[in-house]
Amino acid sequence: MEERESAGSAVEDAKKRCAALRDQLQHMPKNKLSPSSKTTLCRLINSELTFLHRLSAASHLTSYPLSLNIGHLEAVVHVLRQPFVTGVSRVCKPIEFAKSCSIYVDIVCSLNGNPVWFIVSGRNPRYISWNGGSSEKDKGLKNKTQQVVDAAHQSPVTLRPSSIVLFFSNGIGHDVYQKLRCDFQAVDVEMEPLCYGELELEDEWTNVVLGRLFPEASAVRIQVEKYGSELEKDIHETRIDGFVSCNKYCEHSDLDLGASLCSLVAGMKCWCCSLDDKAELQVGSLNQSWRNAEAKLVNFDTTAMVAIVSGISNGRTEKLLATPERQLRDRFKGNYDFVIAQVDSENQNPIHSELFGLISGKQGIICESVQSEFQELITMCGGPNEKLRAEFFLKFLKVVPDCPSTRLMSLPTTRKLDLKNKLIFGTGDHWRAPTVTANMAFVRALSQTGMSLSVIVHRPRSLTGD
């Protein structure tokens, strides 16, 4: 009787954990998980709940083994919540890397700008052996790890990770840990100590238990290949023209550029080079900046540049709404409804405020293709104030040559995966810089290939002739 009550209590606890995990997924930022990945996780959680409900209804509860899947799912979500995990393209699905061959990967994502596979284990460390046990199912961590590494090497360049991260939510034994370091040159990965105790909803605090903290967790990274070796290619021949200095901000201090734009730019990290230095900044210096953990880069595409300088984003929404509809329809033609929707969106969620927290402290780059396209758009469609803002903002960015990563250029060029955007997003990928964009069509098309890419998605804004 006591055994049945104990098992029943464990089942009810597992149900609560499933419900808490489902709530946690619902409150995860929209830009963290694609709808398909969220659907996959919800389906797995619901499947677990269905199994637990069957256990509750069973007459002989102790004869059923309790499911351990909830612990694994909790660990997967814990990893997804890590701030350095971005560009999640696949969750809890196998990856096919050869004909009739596949490998199960818990998370395909970007880690600090590099493509990474996460393998998550929720097992008790006592049952994680290196060489395996007597059971045929227990092949040992060594063989399992080697299979994943081999699969990574054999996978297409578009899906190939730079490294594999093994996350042990309940920790790992010292001997096994040392074997990973010795046989696979694994290095430690620090995870953020996330807080799960409370959730802030509409300015009120609600006591909701959202998940486990995993205080004993351990994570190690295994290098697959030197991804992005093109950074070293022709390092002394390729140059980045122009200088950017904090003094540029002072040069425009007497102009009315708008408080929000100035605040956005002030939050970014300047390319602090001496204006008296006549030598051009070489890629070698940018490469050194990339290696500095504090000097993070962010890549802007044309849609982001337009959004930042648009009159809609810079306090002109009231003026637009006060303009007679007929005049606006004459000005924007078939784009009238699109522009008004952007005005409403800006009034509810200002784009500069949204971007500030995402790009603050980072150095901005744009590739030559974006510079050319943006300047052409500004010349043709921008008003005098938008042109002034564009000139101001460009002075805080470093223009880099079009240098798309090999993996992005390996994707077939299609209508949705066009060459122009492969160059732009690929250049950001080359420099490990997330690309700020409103181009959801390209982002969705890229996600459908299974490739992980770090992007910062924002709502679109149009030039208004301000």
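These legends walk through several close-up views of a predicted model.

**View 1. Strand 4 and its two partner strands.** Let us start with strand 4, residues 163–168, where six of its six residues are buried. In a regular strand the side chains alternate between the two faces of the sheet. Here both faces are covered: Ser 163, Val 165 and Phe 167 are buried on one side, and Ile 164, Leu 166 and Phe 168 on the other. Strand 3 (residues 114–121) runs parallel to strand 4 and is joined to it by six bridges; look for Phe 118, whose bridge partner is Val 165. Strand 8 (residues 218–223) is also joined to strand 4 by six bridges, but this pair runs antiparallel. There, Phe 168 has Ser 218 as its bridge partner.

**View 2. Helix 2 from end to end.** Helix 2 covers residues 35–57, and its end C-alpha atoms are 33 Å apart, which agrees with the 33 Å expected for 23 residues at 1.5 Å a residue. Its buried residues include Leu 41, Ile 45, Leu 49, Leu 52 and Leu 55. Polar names appear in that buried list as well, among them Lys 38 and Glu 48.

**View 3. Two nonpolar cores.** The largest nonpolar core has 50 residues, and Phe 300, Met 305 and Phe 393 touch the most other members. Helix 9 (residues 302–309) gives this core its largest share, five residues. Another core, of 36 residues, lies apart from it and includes Cys 42, Leu 49, Leu 73 and Phe 167. Back in the largest core, you can pick out the residues that Phe 300 touches, among them Met 268, Ile 308, Ile 359, Val 370, Leu 397 and Val 436.

**View 4. A five-stranded open sheet and its helices.** Follow the strands of this open sheet in the order 13-12-11-14-15, with parallel pairing. Strand 13 (397–400) and strand 15 (455–457) stand at the edges; each has a single partner strand, so one side of each has no neighbour in the sheet. On average, neighbouring strands are turned by 30° against each other, direction ignored. Strand 11 (residues 297–300) and strand 14 (residues 435–437) are joined by two bridges, and Asn 299 stands opposite Thr 435. Helix 17 (residues 419–430) packs on the sheet and touches strands 11, 12, 13, 14 and 15, its direction making about 140° with that of strand 14. Helix 14 (residues 368–381) lies across strands 11, 12 and 13, running at about 80° to strand 12.

**View 5. Two cysteines.** Cys 18 counts as buried because its relative accessibility is 0%. Cys 262, at 17% relative accessibility, also counts as buried. The disulfide count for the model is zero.

Definitions and conventions. Residues are numbered from 1 along each chain as its sequence is written. This is a predicted model: local features need pLDDT of at least 70, side-chain atom pairs count only at pLDDT 80 or more; totals for chains, interfaces and linings use all residues. Side-chain values use heavy atoms; hydrogens and water are left out. Buried means under 20% relative accessible area, exposed over 50%, partly exposed in between (1.4 Å probe, protein chains only). Helices (H or I, at least four residues) and strands (E, at least two) are DSSP runs, numbered from the N terminus. Two strands pair if DSSP finds at least two bridges between them. The expected span of a helix is 1.5 Å times one less than its number of residues. A nonpolar core is a set of buried Ala, Val, Leu, Ile, Met, Phe, Trp, Tyr and Cys residues joined through side-chain atoms within 4.5 Å. Contact means heavy atoms within 4.5 Å. A disulfide is a pair of cysteine sulfur atoms within 2.5 Å. Axes are lines fitted to C-alpha atoms, for helices over the stretch in contact, and angles run from 0 to 180 degrees between N-to-C directions. Lists of a residue's contacts leave out its neighbours within four places in sequence.
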